[in-house]
Amino acid sequence: VQKSDSYPHTSVLLKETLSLLDLKPGKIVVDCTLGLGGHSVEMLHSIGPTGYLYAFDRDERNIAVAQERLAKVGENVEIFHDSFASLKDRLKRKGVSQVDALLFDLGLSSPHLDRADRGFSFLKEGPLDMRFDASNGKTAADLLNGLKEEELADIFYYYGEERRSRRLAKAILERRKVKRFETTLDLMTVVEDTLGSGRKHGKGSKKHPAAQIFQALRIAVNEELEALELVLHQAVELLAPHGRAVVISYHSLEDRLVKQFFKRYSTDLRDPNDPYGRRVQRPKSLSLLTKKPIRPSAQEVAENSRSRSALLRAVEKL
Ligand SMILES: C[S@@+](CC[C@H](N)C(=O)[O-])C[C@H]1O[C@@H](n2cnc3c(N)ncnc32)[C@H](O)[C@@H]1O
C-alpha cells in the first residue's frame, strides 16, 4: 500500500479491501463512495494505466480533494457527482455493462463530522443540514420542522433504534410550535431534556443518546438504506463473472441489509409451488468471501477511532 500524500486521512480496512478486491492491471473498477479518494488511489495503482476507475460521491467538496489526489496517479478515471443509486444508469450511458470490482465504504467521511457547517456532529454547533449533497434535497431541519409526529418517531425508532422515540417526537412537536429548529444545538437541547445525556445511568459513561438520534436523522435525510438496497441489485447485475464487491458498513442496520442481501443471492431460490422443493426459480449468483464480517484490528482502531464500528463483507460473482 502506497503512502498517498500529506493529507491527514486514513481509509478504513484498506489492506483488507484491496486484498479482497484482488485487482489486476487492465480491470474496470468502481468506487461507489469516493470520499477523499483513499481507497480509489490504491485501486488506481493496482489497475495501472490500462484499467479504468469510475467513482461516485454525492459530496462535491470531497470529490474536489479526491480528484487532485487521483490526478497524481493516472488519468484513466471518471468521477460522477451523483448517488451510487444511479450506478447502472451512469455506466450504461458510458457503454459499460460489466465491471470487475465494486467498492462501497458507506456513510459519512471525516470532513462531514469535522466541519460544523455540515451539521452532522452533535458535538459542534452548526446548521441542521446533514445532506451529503449540500446542493440538493431536504435538510435535517426541514424534516424536524415539517414531518408529522409519527413520521419522526418512526425515524428515531427504526434508524436510531431509540425505544423512547415517541416521547422525543412529541417533544420536538412541542418545541417547534414555539421556535423552529435551525441548529444542532436546538436539537441537542430537546434530546437532552427528553432523553438525558446518557451519563446518569449505571457506571461509566454511556453513549450520548444524541449519537443515535443524529445518526437516525442523517440516514433519513440521505435516504441511505433505500439507496443501498437499490444499488446492491445493480451490483449483482453489473459484476462480471469472478468480479468482486466489497461493502464496509458502520452500523447494524446497514450491515444487516448487506448480510441478508448477500445471503439471498448466494443460495438457490427454490420454487415455493414445487411440492419436492427441487425446482430452482433463480439460481445463486454470488459466493460469499466472508462468512463473518471482517473488523479492523486493535491497532487500526487505536490509530483511527472512526474505524471502530466498521464491518466488511465481500462477495464474488459466480
Ligand atoms: C466513508 S466515506 C468514503 C471514504 C473513502 N473510501 C476514502 O478512502 O476516502 C463515504 C463517502 O460516501 C459518500 N456517499 C454516501 N452515500 C452516498 C451515495 N448514496 N452515493 C454516493 N456517495 C455517497 C459520502 O459523501 C462520503 O464521501
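The following exchange concerns a predicted model and asks how several of its descriptions are justified.

Me: Why is Asp 186 called buried?

Reply: Asp 186 has a relative accessible area of 11%. Buried means under 20%, so Asp 186 at 11% is classed as buried. The residue lies in helix 9.

Me: What makes the approach of the Asp 186 side chain to the backbone nitrogen of Glu 182 a polar contact?

Reply: The side chain of Asp 186 reaches that nitrogen at 2.8 Å. A polar contact requires a pair of N or O atoms within 3.5 Å, and the value of 2.8 Å meets this cut-off. A polar atom of the same side chain also lies 2.9 Å from the backbone nitrogen of Thr 183. Not counting residues up to four places away in sequence, Asp 186 touches Arg 175, Lys 179, Arg 180 and Phe 181.

Me: How do you know that the span of helix 9 is close to the expected one?

Reply: Helix 9 comprises residues 184-195, which is 12 residues, and reaches 16 Å from its first C-alpha to its last. The expectation at 1.5 Å a residue is 16 Å, to which the span is close. Its buried residues include Leu 187, Met 188, Val 190 and Val 191. The buried residues of this helix pack against helix 6 (140-146), helix 8 (165-178) and helix 10 (209-221). Just after helix 9, Gly 196 takes a positive phi of about 85 degrees.

Me: Why does Arg 218 count as buried?

Reply: The relative accessibility of Arg 218 is 9%. The cut-off for buried is under 20%, and Arg 218 therefore counts as buried at 9%. This arginine is found in helix 10, and its side chain makes a polar contact with the side chain of Glu 224 at 2.8 Å. Among the residues that Arg 218 touches are Phe 120, Met 130, Phe 132 and His 251.

Me: What makes the pairing of a ligand nitrogen atom with the side chain of Asp 105 a polar contact?

Reply: The ligand nitrogen is 2.8 Å from an N or O atom in the side chain of Asp 105. The limit for such a pair is 3.5 Å, so the pair at 2.8 Å qualifies. A nitrogen atom of the ligand is also 3.3 Å from an N or O atom in the side chain of Ser 83, and a polar side-chain atom of Asn 62 lies 2.9 Å from a ligand oxygen. Taken alone, the ligand exposes 610 Å², of which the protein buries 96%.

Me: Which residues are closest to the ligand?

Reply: The ligand is surrounded by 24 residues, and the closest are Ser 11, His 39, Asp 57, Phe 84 and Asp 105. By class, this shell has seven nonpolar, 12 polar and five charged residues.

Methods. Residues are numbered from 1 along each chain as its sequence is written. This is a predicted model: local features need pLDDT of at least 70, side-chain atom pairs count only at pLDDT 80 or more; totals for chains, interfaces and linings use all residues. Side-chain values use heavy atoms; hydrogens and water are left out. A residue is near a molecule or strand if one of its heavy atoms lies within 4 Å of it. A polar contact is a pair of N or O atoms within 3.5 Å; within protein, one must be able to donate a hydrogen and the other to accept it, and residues adjacent in sequence count only if both atoms are side-chain atoms. Accessible areas come from the Shrake-Rupley method with a 1.4 Å probe; for residues, only the protein chains shown count as cover. Ala, Val, Leu, Ile, Met, Phe, Trp, Tyr, Cys and Pro count as nonpolar, Asp, Glu, Lys and Arg as charged, and the others, Gly among them, as polar. Helices (H or I, at least four residues) and strands (E, at least two) are DSSP runs, numbered from the N terminus. The expected span of a helix is 1.5 Å times one less than its number of residues. Buried means under 20% relative accessible area, exposed over 50%, partly exposed in between (1.4 Å probe, protein chains only). Contact means heavy atoms within 4.5 Å.
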